[in-house]
Amino acid sequence: MAGLPVIIGFGGINPAGRSSLHHGYRRLVLDQLATEDAMQTRASLAGLMGLLQHKNGKWLDADGNPIELHSYLQRIDPVLKAGTLIRKLEKNLFDPDQLLFHKRATLHADSEQPVTFLIKRQQLPDQIPLGWLLSDAGNGQVRVEVPISLNVLTENFRRSPVNSAGQLPSGFDPKDLYQSRNHPRGLQMTVFGASDAIQSMGIEWQTVLQHVPADQISVYAGSSMSQLDYEGNGGLLQARLLGKKVSSKQLALGFAEMPADFINAYVLGNLGTTGTNAAACATFLYNLRQGMRDIRSGSHRLVIVGTSEAPLTPEVMDGYTTMGALVDDAALLALDKHKGLSEPDHRRACRPFGDNAGFTLGESAQFVILCDDTLALEMGANIHGAINDVFVNADGYKKSISSPGVGNYITMAKAMAATQQVIGDKGLQQRSYVQAHGTGTPQNRTTESHIFSTLAKTWGIENWPVTALKTYFGHSLASASADQLVNSLGVWRYGIIPGIAGTESIAADVHQDKLDFLLQHKEVGRDGIDAVLLNAKGFGGNNATASVLAPHVTLEMLTRRHGAAAMKTWQDRNQHVQERATSYDEAARRGDAEIIYRFDHNVLDATGLTISRDRMQVKGHPNPISLQTESTYNDMLDSGRD
C-alpha cells in the first residue's frame with residue numbers, strides 16, 4: 001500500500017515576505033482579506049522590513065516610539081506594498097547605476113619617449129615582462145619604462161539596462177538574523193526558509209525523531225545555478241582577476257546542493273538521505289518528485305523538499321540580458337508607449353501571456369515538509385494538501401538548448417490523467433486550475449498556452465482557469481515551482497486565486513480556446529478547487545508538472561483508508577499542533593522567533609555509535625537504524641546459501 005505524501009509544513013522567504021502561515025500568499029490578495037488576517041500580514045512584513053518592533057509587551061516603530069498597532073500598520077501600508085514584490089532594483093546587493101567593468105587598452109610609446117610610470121616595488125608582476133626597463137625611484141617605488149607598448153585594463157562603470165527584479169522585502173537581510181560567517185546569500189536564505197518551514201509544523205523536531213528513525217528522513221534541496229555571489233562561486237572565479245585572494249569557503253559553499261547540506265549540518269542534524277536534482281527552472285519539482293517517491297515506496301517517512309536561489313548579481317543579470325531573455329527598461333517603455341510614460345513601470349515588468357518582452361529575475365527560498373499519511377495522523381500534523389504525482393520529461397532533439405519542445409505536452413498530459421484518476425472527470429473539468437510557468441516572454445506565452453489549450457480540449461475542459469505568479473515574484477529559477485506550491489496552499493485556505501496582476505490584456509498570439517486566463521483575482525471558495533497543476537519549463541528541456549490535491553480531498557482519502565475513529569483521534573491531536581504553529585507565527589511577527597542555526601552542535605563521531613549486525617544506535621536519536629534488509633534480487637539467488 002503506497003504512502004500518500006501529505007504536506008504538513010511549509011515556509012520560506014521571497015519578494016512577498018515570509019511564506020509560513022500563508023503570509024506570502026496573503027500579500028498577493030491583501031486588500032481582499034478579512035481585517036485581522038490582513039493586519040497580521042502587515043505586521044509580519046513590517047517586522048521583516050525593520051519598521052516594527054515589539055519590546056516589553058509594547059509595539060514600537062522603527063525609531064523605538066510606542067505606537068497603536070492597527071493605525072500604524074494602516075499608515076505604513078503604502079510603504080509595505082512599495083517595498084515588496086517586483087519593483088525597481090534597490091542598492092542593497094549592488095548599485096545598478098555603477099556596475100564595474102574593465103576595458104582593454106594599449107598604451108603606445110611615441111617616437112621620442114617610452115611609456116613611463118611609477119609603481120610600488122611589491123606591486124610589480126612576479127615575472128617582469130620582456131622589454132621593461134626598471135630603475136629605483138626611491139621610497140619603495142620603481143620607475144618602469146616600456147619602449148614600445150603596454151596592454152592595460154581601465155576601470156569603468158556602466159548603468160544596468162535592466163532595473164526590475166523580484167527582491168526580498170526592502171530592509172530585510174537574512175544574514176543579520178544569525179551568525180552568517182560570510183555565507184552566500186542563497187545559503188542565508190536557506191537557513192531562514194528551512195527554519196521557518198520546520199517551525200511552521202507546530203511539532204518539535206525531537207517529536208518527529210521519536211516517530212521516525214534517522215535513516216527514514218530525506219532532505220532534497222538545492223539551487224539551479226549554485227551560489228554565484230562573491231561569497232560563493234562568483235568570488236571563486238573573480239578574486240584573482242580583481243587582485244584579491246580566493247577564500248577557503250568560496251569553493252565549498254558554492255556547490256548547488258549546499259542548501260541541503262546546510263539543513264543537514266546546521267538546522268536539523270539530519271543523518272538520512274540527502275541531495276538535489278538540478279534541472280534549471282524545474283529544479284524544485286524534480287526534488288519534489290524524488291521526495292514523493294521516497295514516501296510512496298515506504299523507504300522514507302518524512303521528507304524536506306526545497307530550493308534556494310539568489311540570482312540577483314550583475315553577472316547573472318548580464319548573462320540573461322545578453323541572451324535577450326530579460327526585459328530591460330527600454331523594452332518596458334516601448335511596451336507602454338501608448339501611455340506616454342517617461343519612466344519604466346518596474347512594478348509591471350513581468351506580464352505573462354500579455355504583450356511582453358522578457359522575464360524578470362527574482363530571489364526566493366521555499367521549503368515544504370512531506371510525510372506519509374500514517375505518520376501525519378500519528379503526530380496530529382496539520383494537513384495542507386497532498387502530492388498526487390510529479391512527471392518529468394525531456395524535449396528530445398533540439399536546435400536551441402533554451403527553446404521549448406514537446407516534453408511539456410507529455411508532463412501536462414500525464415499530470416491531467418493522474419488528477420482525473422483521483423478527482424474524476426468533473427473534478428478535473430470544473431474544480432481544477434493551472435499554475436502556469438508563465439515567464440513573461442513572447443515565446444513562452446504562445447508555446448505554453450498552446451499546451452494548455454490543446455490538452456483542455458482533449459479532456460473536455462471548457463473554461464480552465466490559468467494564473468501565473470511570476471507577475472508578482474519574478475522568475476526565481478530553481479524556486480519558481482516552489483513559489484507556485486506554497487501559494488496554491490493559500491488558495492485552499494482563503495479561497496482566492498491570485499490573478500495575473502501585471503497583465504492588462506491577453507496578447508493576440510496567445511491560445512485562449514478552452515482557457516480562462518485570470519487577469520483579476522478569482523474567488524473560488526475554500527472547497528471550490530480540488531486540485532492544482534503546477535507547470536515548469538526549464539532551460540535545456542527540463543519539463544515537469546505536478547498534480548497537487550486540496551486538503552479537503554486529502555482528508556476524504558485519509559478517512560477512506562484509516563476510518564472515522566482514526567480521523568477523530570487525529571483531530572484531537574491536531575488541536576495542540578495548531579496552537580503551537582499559531583504561537584510560532586505570533587512570535588515571528590513580534591521578532592521573538594529564533595532562527596534555527598546550530599553551528600558545532602552535538603557533533604557526532606564513532607563514540608556516539610553502537611553497532612551490531614542488525615541495528616545501529618546513534619546517540620541522541622531514540623529510534624535505532626535497522627540494518628536488516630531483504631535483497632531485491634531474491635528470485636535470482638540460491639535459497640540454500642549461507
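The paragraphs below go from the overall dimensions of this predicted model to one small sheet and then to four single residues.

The protein contains 19 helices and 26 strands. Its radius of gyration is 27 Å, and a compact globule of 642 residues would have a value near 26 Å, so the two agree. Measured out along the principal axes is a box of roughly 100 × 70 × 65 Å, which the C-alpha atoms fill. Of the 642 residues, 52% count as buried. The accessible surface comes to about 28600 Å², and carbon and sulfur atoms account for 49% of that area.

Contacts and charges complete the overall description. When contacts are restricted to residues at least 6 apart in sequence, 76% of them join residues at least 24 apart. There are 59 positive and 66 negative side chains in the protein. The centre of the positive set and the centre of the negative set lie 1 Å apart.

One sheet can be followed strand by strand. Three strands, in the order β24-β25-β26, form an open sheet with antiparallel pairing. The edges are taken by β24 (609-611) and β26 (625-626); each has a single partner strand, so one side of each is left without a neighbour in the sheet. Strand β25 covers residues 615-618 and pairs with β26 in the antiparallel sense over two bridges. At the level of residues, M616 has I625 in β26 as its bridge partner.

Two asparagines come next, and both concern backbone geometry in loops. N56 is not a glycine, yet it has a positive phi of about 50 degrees. The loop that holds N56 runs between β3 (52-55) and β4 (58-61). Is N56 buried or exposed? Its relative accessible area is 79%, and the cut-off for exposed is over 50%, so N56 is exposed. N139 also has a positive phi, near 55 degrees, in a residue other than glycine. This residue lies in the loop between β8 (133-138) and β9 (141-146). With a relative accessibility of 84%, N139 counts as exposed.

The remaining two residues are in helices. S488 belongs to helix α17, which spans residues 480-494. Its relative accessibility is 0%, and buried means under 20%, so S488 counts as buried. Which residues are in contact with S488, leaving aside its neighbours within four places in sequence? They are Y433, Q435, V532 and L534.

F192 is located in helix α5, made up of residues 185-200. At 7% relative accessibility, F192 counts as buried. Leaving aside neighbours within four places in sequence, the contacts of F192 are G12, I13, R18, L48, F172, L177 and I595. A separation along the chain can also be set beside a separation in space: F192 and V162 are 30 residues apart in sequence, and their C-alpha atoms are separated by 28 Å.

Taken together, the residue-level examples place N56 and N139 in loops between strands, where N56 is exposed and N139 counts as exposed. S488 lies in α17 and counts as buried, while F192 is found in α5 and likewise counts as buried.

How values were computed. Residues numbered from 1 in each chain as written. Predicted model: local features only at pLDDT ≥ 70, side-chain atom pairs only at ≥ 80, totals over all residues. Heavy atoms only, no water. Helix = DSSP H or I, 4+ residues; strand = E, 2+ residues; numbered from the N terminus. Rg over C-alpha atoms; globule rule 2.2 N^0.38 Å. Buried < 20%, exposed > 50% of the residue type's maximum accessible area, 1.4 Å probe, protein only. Contact = heavy atoms within 4.5 Å. Areas by Shrake-Rupley, 256 points an atom, 1.4 Å probe, with all protein chains shown as cover. Lys, Arg positive; Asp, Glu negative; His and termini not counted. Charge placed at Lys NZ, Arg CZ, Asp CG, Glu CD. Pairing = 2+ DSSP bridges.
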